[in-house]
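Here's a quick tour of one protein chain, going from an annotated site to the core and then to the overall shape. Have a look at the model first.

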Amino acid sequence: MEGWDPTTKSTLTRIPLLSVKAGPRDGAAWTQRLKEEYKALIAYTSMNKANDNDWFRISAANPEGTRWTGKCWYIHNLLKYEFDLQFDIPVTYPATAPELELPQLDGKTQKMYRGGKICLTVHFKPLWAKNCPRFGIAHALCLGLAPWLAAEIPILVDSGMIKHKDDASSSIES
């Protein structure tokens, strides 16, 4: 955690670490892991709301908890930019981090690949590997998606690659 800003450090230390090392193929152990994942996500969401930093909504899209969908958003120049978020839990989870996807941004930045999956290879994957199995979905959002949005969305907006929904609708009406 050296070199991290104090806010990130504080946030990360308050997200519960997970203890069950189980993936989708591990039956009852996976159910226990999912319970830990939900507890960590609830803690992270509650912390964000308490700090007026609410920026995502996700839920399992199937009963097995292997497919997740939702929304994430980023505020830039006082405008809210909202995106669909989706990911699958890999069969080798938790050894392998989930690949977070923002399909609406596919092809708009070089820090993205294969159908809208955000690039987390250089900075996040080694961190995930070092902290396996203690990191989970909440940690992937906090240390993967949040910094990616903060780095990429302002550039995409300023370059005109993405437009605010109000700008897009007003240009259609004209």
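Which residue does UniProt list for "active site"? The unreviewed entry gives C119. Keep in mind that what you're looking at is a predicted model.

C119 sits in the loop between β5 (117-118) and α3. Is C119 buried or exposed? Neither, quite: its relative accessibility is 31%, and because buried would need under 20% and exposed over 50%, C119 counts as partly exposed. Leaving aside neighbours within four places in sequence, C119 is in contact with K111, M112, Y113 and W148.

Now for the core. Nonpolar side chains tend to be buried together in soluble globular proteins. Here the largest nonpolar core has 44 residues, and L102, L141 and L145 touch the most other members. Elements that each supply at least two residues of it include α2 (28-50), β2 (67-76) and α4 (137-158), with α4 giving the largest share at 12 residues. Not counting residues up to four places away in sequence, L102 touches L145, W148 and L149, among others including C72, F83 and M112.

Zooming out, the chain has 5 helices and 5 strands, in the order α-α-β-β-β-β-β-α-α-α. Some whole-chain numbers:

| Property | Value |
|---|---|
| C-alpha box along the principal axes | roughly 55 × 35 × 30 Å |
| Buried share of the 174 residues | 41% |
| Exposed area | about 9500 Å² |
| Carbon and sulfur share of exposed area | 54% |

The radius of gyration is 17 Å, which agrees with the value near 16 Å that a compact globule of 174 residues would have.

How values were computed
Residues numbered from 1 in each chain as written. Predicted model: local features only at pLDDT ≥ 70, side-chain atom pairs only at ≥ 80, totals over all residues. Heavy atoms only, no water. Core = buried A, V, L, I, M, F, W, Y, C linked by side-chain atoms within 4.5 Å. Buried < 20%, exposed > 50% of the residue type's maximum accessible area, 1.4 Å probe, protein only. Helix = DSSP H or I, 4+ residues; strand = E, 2+ residues; numbered from the N terminus. Contact = heavy atoms within 4.5 Å. UniProt positions renumbered as here; feature names shortened; annotations may be inferred. Rg over C-alpha atoms; globule rule 2.2 N^0.38 Å. Areas by Shrake-Rupley, 256 points an atom, 1.4 Å probe, with all protein chains shown as cover.
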